[in-house]
Structure formats: structure tokens, C-alpha cells
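Grab a pencil and the viewer, and work through these exercises on the structure below. Try each task yourself before you read its solution.

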Amino acid sequence: MVIDFSQGKVILSQFEVQVRFSTSGITMYAMVEDIKFIDDALIMHADAGAVRWSLKLDSAEQLAAIREELGV
């Protein structure tokens, strides 16, 4: 599943999340089990030990769609 947001795309698969930024060409990856959500702030956070990143989404609908697709 692909979800467009203001800065690029969130690409979801059964095991992995990819975030591709359209302006910079940067792609961030995380395994699904490393993803957490901060609902009130619309943030998806990945913590894989040595590598951490956070992404602010545009809407609660995007966050809900990601959670539903990942089953979390």
C-alpha cells in the first residue's frame, strides 16, 4: 500500500515500512515491529536500536490507514 503525504510517500508491506521523500531523494526503512505511533501528535516513530527516525504525518486519517494496513 502507498500513502501519499505532503513530503513524499509512505510505502507499506507486510514486513517493512519505507518513507520516500520527494524533494531530497532520501528513503528511510524500518521493520514493522520497530514502528510505534504517537497518535495525538500524528507521529510514526521507528526505533531499531542504533537507528531511529520519526515522521510527522499530515492527518489522523493517514495514521489510521497505516495502523490498519500494518495491523497494529
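**Exercise 1. Which residue of strand 7 is the bridge partner of Met44? Follow the pairing from there through the sheet.**

Step 1. Met44 has Leu55 as its bridge partner in strand 7. Keep in mind that this is a predicted model.

Step 2. Now look at other positions on the two strands. Ala46 sits opposite Trp53, and Asp47 stands opposite Arg52.

Step 3. Put the pairs together: strand 6 (residues 43-47) and strand 7 run antiparallel and are joined by five bridges.

Step 4. Check the connection. The two strands make a hairpin with four residues between them. In that turn, Gly49 has a positive phi of about 90°.

Step 5. Go to the other neighbour of strand 6. Ile35 has Ala46 as its bridge partner, and strand 5 pairs with strand 6 over four bridges, again in the antiparallel sense. This is a hairpin too, with four residues between the strands, and Leu42 in the turn has a positive phi of about 60°.

Step 6. Write down the sheet: three strands, open, in the order 5-6-7, with antiparallel pairing. Strand 5 (35-38) and strand 7 (52-56) are the edge strands, each pairing on one side only. On average, neighbouring strands here are turned by 20° against each other, direction ignored.

**Exercise 2. Along strand 6 and strand 7, which side chains are buried?**

Step 1. Start with the general pattern: in a regular strand, side chains alternate between the two faces of the sheet.

Step 2. Apply it to strand 6. Met44 and Ala46 point to one face and are buried. Ile43, His45 and Asp47 point to the other face and are not buried.

Step 3. Do the same for strand 7. Trp53 and Leu55 are buried and point to one face, while Arg52, Ser54 and Lys56 point to the other and are not buried.

Step 4. See where the buried ones end up. The largest nonpolar core has 21 residues, and those touching the most other members are Val10, Val17, Val19, Met44, Trp53, Leu55 and Ile66. Elements giving two or more residues to this core include strand 2 (8-12), strand 4 (27-31), strand 6, strand 7 and helix 1.

Step 5. Zoom in on one of these members. Not counting residues up to four places away in sequence, Val10 touches a list of residues that includes Val17, Val19, Met44, Leu55 and Ile66.

**Exercise 3. Where does helix 1 lie, and what do Gln62 and Leu70 touch?**

Step 1. Place the helix. Helix 1 lies across strand 5 and strand 6, and runs at about 150° to strand 5.

Step 2. Take Gln62, found in helix 1 (residues 60-70). Gln62 has 12% relative accessibility, so this residue counts as buried. Leaving out residues up to four places away in sequence, Gln62 touches Ile3, Asp4, Phe5 and Leu57.

Step 3. Look for a polar partner. A polar atom of the Gln62 side chain lies 3.2 Å from the backbone nitrogen of Ser59.

Step 4. Move along to Leu70, also in helix 1. Leu70 counts as buried because its relative accessibility is 14%. With the sequence neighbours up to four places away left out, Leu70 touches Leu12, Ser13, Val17, Val32 and Phe37.

Step 5. Try one distance. Leu70 and Met28 are 42 residues apart along the chain, and their C-alpha atoms are separated by 17 Å.

**Exercise 4. How many aromatic pairs are there, and what geometry do you find?**

Step 1. Recall how such a pair is described: by the distance of the ring centres and the angle of the planes.

Step 2. Count them. With ring centres required to lie within 6.5 Å, you get one aromatic pair.

Step 3. Describe it. Phe5 and Phe21 are 6.3 Å apart, centre to centre, with 75° between the planes. Angles over 60 degrees count as edge-to-face, so this pair is edge-to-face.

Step 4. Ask what the pair links. Phe5 lies in strand 1 (residues 2-5) and Phe21 in strand 3 (residues 16-21), so the pair ties together parts that are 16 residues apart in sequence.

Step 5. Finish with burial. Phe5 is buried at 8% relative accessibility, and Phe21 is buried with a relative accessible area of 17%.

Methods: Residues are numbered from 1 along each chain as its sequence is written. This is a predicted model: local features need pLDDT of at least 70, side-chain atom pairs count only at pLDDT 80 or more; totals for chains, interfaces and linings use all residues. Side-chain values use heavy atoms; hydrogens and water are left out. Rings of Phe, Tyr and Trp (its six-membered ring) pair if their centres lie within 6.5 Å; planes under 30 degrees apart count as stacked, over 60 as edge-to-face and the rest as tilted. Buried means under 20% relative accessible area, exposed over 50%, partly exposed in between (1.4 Å probe, protein chains only). A polar contact is a pair of N or O atoms within 3.5 Å; within protein, one must be able to donate a hydrogen and the other to accept it, and residues adjacent in sequence count only if both atoms are side-chain atoms. Contact means heavy atoms within 4.5 Å. Two strands pair if DSSP finds at least two bridges between them. Axes are lines fitted to C-alpha atoms, for helices over the stretch in contact, and angles run from 0 to 180 degrees between N-to-C directions. A nonpolar core is a set of buried Ala, Val, Leu, Ile, Met, Phe, Trp, Tyr and Cys residues joined through side-chain atoms within 4.5 Å.
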